[in-house]
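Thanks for coming. I have one chain to go through today, so let me put the sequence and the structure up.

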Amino acid sequence: MSSEAGRLAAAGTKVAESRSARLFGRNTVASFFAFGIDIALLWTLVEFAGLTYLPAAAFAFLFAMSVHYILSRIWVFKQSQRGLATGYLYFLINAGIGLVVTLGVFWALINILDVQYLIARVIASIIAGLLVFFLNAVFNFKAI
């Protein structure tokens, strides 16, 4: 019986890992799409609207996170049991944490390391994006 239990546990682990990998893959596609919107909006707000980079980055990030939430609900975590409004609130809380990380890393890269603002935004997004995926997958959508 113990070998059966071991095989069952191993099969369960494989299913969980493949599900997590599928969620992460879909989230990565949704994130790239939202990030494209984020970067385009950031660039537009800085270069054409005359905003400074931090307020422009904050606005672009929050707008892109709203797009990302919609994609997450309909494609990434489509089996979520959480209500739409409650899920969006949790998503915004997680996005707020991501925003703090994004702006902190963004500021440090620009002001301490003298990195160009669009490159700094890409680096900050990778770091914050991994954190926000984990927060949403575990605490919001309870998918992993």
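I will start with a single residue, Asp 38. Leaving aside neighbours within four places in sequence, Asp 38 is in contact with Ala 60, Phe 61, Ala 64 and Arg 121. Asp 38 sits in helix H1, and with a relative accessibility of 3% Asp 38 counts as buried. How long is the polar contact that joins the side chains of Asp 38 and Arg 121? The value is 2.2 Å. Please keep in mind that this is a predicted model. Arg 121, the partner of Asp 38 in that contact, is itself listed among the buried residues of H4.

Now the overall layout. The chain has four helices and zero strands, and along the sequence the pattern reads α-α-α-α. H1 covers 2-47 and H2 covers 53-76; H3 runs over 84-111 and H4 over 117-140. Of the 144 residues, 35% count as buried. Among contacts with a separation of 6 or more, 66% are between residues 24 or more positions apart.

Next, the nonpolar cores. In soluble globular proteins, nonpolar side chains tend to be buried together. Here the largest nonpolar core has 15 residues, and those with the most contacts inside it are Leu 23, Phe 61, Met 65, Val 76, Phe 77, Phe 91 and Phe 141. H1, H2, H3 and H4 each give two or more residues to this core. Which helix gives the most to this core? That is H2, with five residues. A second, separate core has 14 residues, including Leu 42, Val 46, Leu 109 and Tyr 117. Two members of the largest core also come up in the contact lists. Phe 61 is one of the residues in contact with Asp 38. Met 65 touches Phe 91 and Ala 95, not counting residues up to four places away in sequence.

On to helix H4. Its buried residues are Tyr 117, Ala 120, Arg 121, Ala 124, Ser 125, Ala 128, Val 132, Phe 133, Leu 135, Asn 136, Ala 137 and Asn 140. As a reminder, an α-helix has 3.6 residues a turn, so residues three or four places apart point the same way. At the start of H4, a side-chain oxygen of Gln 116 comes within 2.8 Å of the backbone nitrogen of Leu 118.

Asn 140 belongs to H4 as well. Is Asn 140 buried or exposed? Asn 140 counts as buried, because its relative accessibility is 1%. The side chain of Asn 140 reaches the backbone oxygen of Gly 87 at 3.1 Å. Beyond residues up to four places away in sequence, Asn 140 touches Arg 82, Gly 87, Tyr 90, Phe 91, Asn 94 and Leu 135. Phe 91 in that list is also one of the best-connected residues of the largest core, in the sense of having the most contacts inside it.

Two residues have unusual backbone angles to point out, in the plain sense that phi is positive and the residue is not a glycine. Asp 114 has a phi of about 60° and lies in the loop between H3 and H4. Lys 142 has a phi near 50° and is found in the segment after H4. Both side chains belong to exposed residues: the relative accessible area is 68% for Asp 114 and 61% for Lys 142.

Last, the pockets. Rolling a probe the size of a water molecule over the atoms shows where empty space is left. The largest pocket has a volume of about 490 Å³. It is lined by 22 residues, and Ser 31, Ser 125, Ile 126, Gly 129 and Leu 130 lie nearest its centre. H1, H2 and H4 each supply at least two residues of that lining, and the largest share, nine residues, comes from H4. By class, the lining has 13 nonpolar, seven polar and two charged residues.

The second largest pocket has a volume of about 250 Å³. Its lining has 15 residues, with Arg 19, Leu 23, Val 76, Phe 77 and Gln 79 closest to the centre. H1 gives the largest share of this lining, four residues. The classes here are five nonpolar, four polar and six charged. Leu 23, Val 76 and Phe 77 were also named for the largest nonpolar core.

Key:
Residues are numbered from 1 along each chain as its sequence is written. This is a predicted model: local features need pLDDT of at least 70, side-chain atom pairs count only at pLDDT 80 or more; totals for chains, interfaces and linings use all residues. Side-chain values use heavy atoms; hydrogens and water are left out. Buried means under 20% relative accessible area, exposed over 50%, partly exposed in between (1.4 Å probe, protein chains only). A polar contact is a pair of N or O atoms within 3.5 Å; within protein, one must be able to donate a hydrogen and the other to accept it, and residues adjacent in sequence count only if both atoms are side-chain atoms. On a 1 Å grid over the protein atoms alone, a cavity is a set of points where a 1.4 Å probe fits but cannot get out, and a pocket is an open set with protein on both sides within 12 Å along at least five of seven lines; lining residues have an atom within 4 Å of a point. Grid points are joined across faces, edges and corners, and a volume is the space filled by probe spheres set on the points. Ala, Val, Leu, Ile, Met, Phe, Trp, Tyr, Cys and Pro count as nonpolar, Asp, Glu, Lys and Arg as charged, and the others, Gly among them, as polar. Contact means heavy atoms within 4.5 Å. A nonpolar core is a set of buried Ala, Val, Leu, Ile, Met, Phe, Trp, Tyr and Cys residues joined through side-chain atoms within 4.5 Å.
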